[in-house]
Amino acid sequence: MRKPTCKGACTRTGMNTRGSSLEASDAGYVFLEHTADVGLRAWGPTPAAAARSMYALTLGRDPAEASGTKATYTISVSGATWADLLVNWLAELLFQFSVEGLVGQTFDFSACAPPHCSATVTGIAIEDEEQVEGGEIKAVTYHHLEVDIQPDRKTVQVVFDI
C-alpha cells in the first residue's frame, strides 16, 4: 500500500466551507509525517477543514478539483466528547467515500457539539477511479489525536491508518 501523495495539496489555506471564500488564516490543513501512517493538522470555524484534508489525502489533490455527478447527502454522528465526534465524523465520511465514492466539497452544519454533529454535504460522486491518485485510508484513529475547540476556530490533529 502506498502512502497518500499530495501533488501540491500538502498545505491548503483559504478553503471554501459554505460557499463563501475565507481568509487564508481562517481555514486550512497541513499533512504531518508519521512512521507508518499519515496525519494531518486542520483548522477552521467548523470540522470541514478536517474533512477536506482527508479527501485531499485520498484524492491526491484538493477535493474542490474533483469532478463527478453532483451529490447532496446528510451526515449525522454522535459522540460523547469532541474527540469521539471528530473520529466518528471522519469515519462516516470515509465510509461514504469507500462505498459510494462520495466526496464532500461544501458542508452546511446544522449542529456540531457533543453529543451530536450533523451537516448537509454537497459534493460529487466519483465516477472515474483514475481521479483517486492519493492513497487508501483504512481507518481514522485516536493515535496522537488532538482537538482544540474555541468559539470561532476548531483545530484538530488526527492520524489515519493507511
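How many residues lie between S5 and S6 in their hairpin? Two. Keep in mind on this tour that the model is predicted.

**Stop 1: the hairpin**

Select strand S5, residues 102-113. Add strand S6, residues 116-125. The two strands run antiparallel and are joined by ten bridges. For one rung of this ladder, pick Asp-108, which stands opposite Thr-120 in S6.

Now colour S6 by accessibility. The strand is mostly covered, with seven of its ten residues buried.

**Stop 2: the other partner of S6**

Add strand S4, residues 69-78. S4 pairs with S6 too, again in the antiparallel sense and over ten bridges. Click Thr-72 in the viewer: its bridge partner in S6 is Thr-122.

**Stop 3: the disulfide**

Go back to S5 and S6 and show the side chains of Cys-112 and Cys-117. A disulfide joins the two, with an S to S distance of 2.4 Å. A search of the whole structure finds one disulfide, so there is no second one to look for.

Which hand does this disulfide have? The torsion about the S-S bond is about -95°, so the disulfide is left-handed.

Compare the two ends. Cys-112 is partly exposed, at 23% relative accessibility. Cys-117 is buried, with a relative accessible area of 1%. The cut-off for buried is under 20%, so Cys-112 falls outside that class.

**Stop 4: the end of helix H1**

Select helix H1, residues 48-59, and centre on Leu-59. Is Leu-59 buried or exposed? Buried, at 0% relative accessibility.

Show what surrounds this side chain. Beyond its neighbours within four places in sequence, Leu-59 is in contact with Ala-66, Phe-97, Val-103, Ile-126, Gln-131, Val-132, Glu-133 and Gly-134. Draw a distance from Leu-59 to Val-132, C-alpha to C-alpha. The value is 4.4 Å, although the two are 73 residues apart in sequence.

**Stop 5: the largest pocket**

Keep Val-132 selected and switch on a pocket surface. The largest pocket has a volume of about 350 Å³. Of the 16 residues that line this pocket, Val-132 is among the closest to the centre, together with Thr-58, Phe-97, Ser-98 and Glu-129. Phe-97 and Val-132 also appeared at the previous stop, as contacts of Leu-59.

Which element gives the most to the lining? Helix H2, residues 82-100, with four residues.

Colour the lining by residue class. Six residues are charged, five are polar and five are nonpolar.

**Stop 6: strand S9**

Move to strand S9, residues 153-161, and pick Thr-155. This residue is buried, with a relative accessible area of 16%. Its contacts, leaving aside neighbours within four places in sequence, are Arg-41, Ala-42, Trp-43, Glu-146, Val-147 and Asp-148. Among them, Arg-41, Ala-42 and Trp-43 fall within strand S3, residues 38-44.

**Stop 7: an exposed loop residue**

Finish at Glu-33. Where does this residue sit? Look in the loop between strand S2, residues 28-32, and strand S3. Glu-33 is exposed, at 76% relative accessibility.

Draw one last line, from the C-alpha atom of Glu-33 to that of Val-159. The separation is 9.6 Å, for residues 126 apart along the chain. Val-159 falls within S9, the strand of the previous stop.

Note on methods
Residues are numbered from 1 along each chain as its sequence is written. This is a predicted model: local features need pLDDT of at least 70, side-chain atom pairs count only at pLDDT 80 or more; totals for chains, interfaces and linings use all residues. Side-chain values use heavy atoms; hydrogens and water are left out. A disulfide is a pair of cysteine sulfur atoms within 2.5 Å. Buried means under 20% relative accessible area, exposed over 50%, partly exposed in between (1.4 Å probe, protein chains only). Two strands pair if DSSP finds at least two bridges between them. On a 1 Å grid over the protein atoms alone, a cavity is a set of points where a 1.4 Å probe fits but cannot get out, and a pocket is an open set with protein on both sides within 12 Å along at least five of seven lines; lining residues have an atom within 4 Å of a point. Grid points are joined across faces, edges and corners, and a volume is the space filled by probe spheres set on the points. Ala, Val, Leu, Ile, Met, Phe, Trp, Tyr, Cys and Pro count as nonpolar, Asp, Glu, Lys and Arg as charged, and the others, Gly among them, as polar. Contact means heavy atoms within 4.5 Å.
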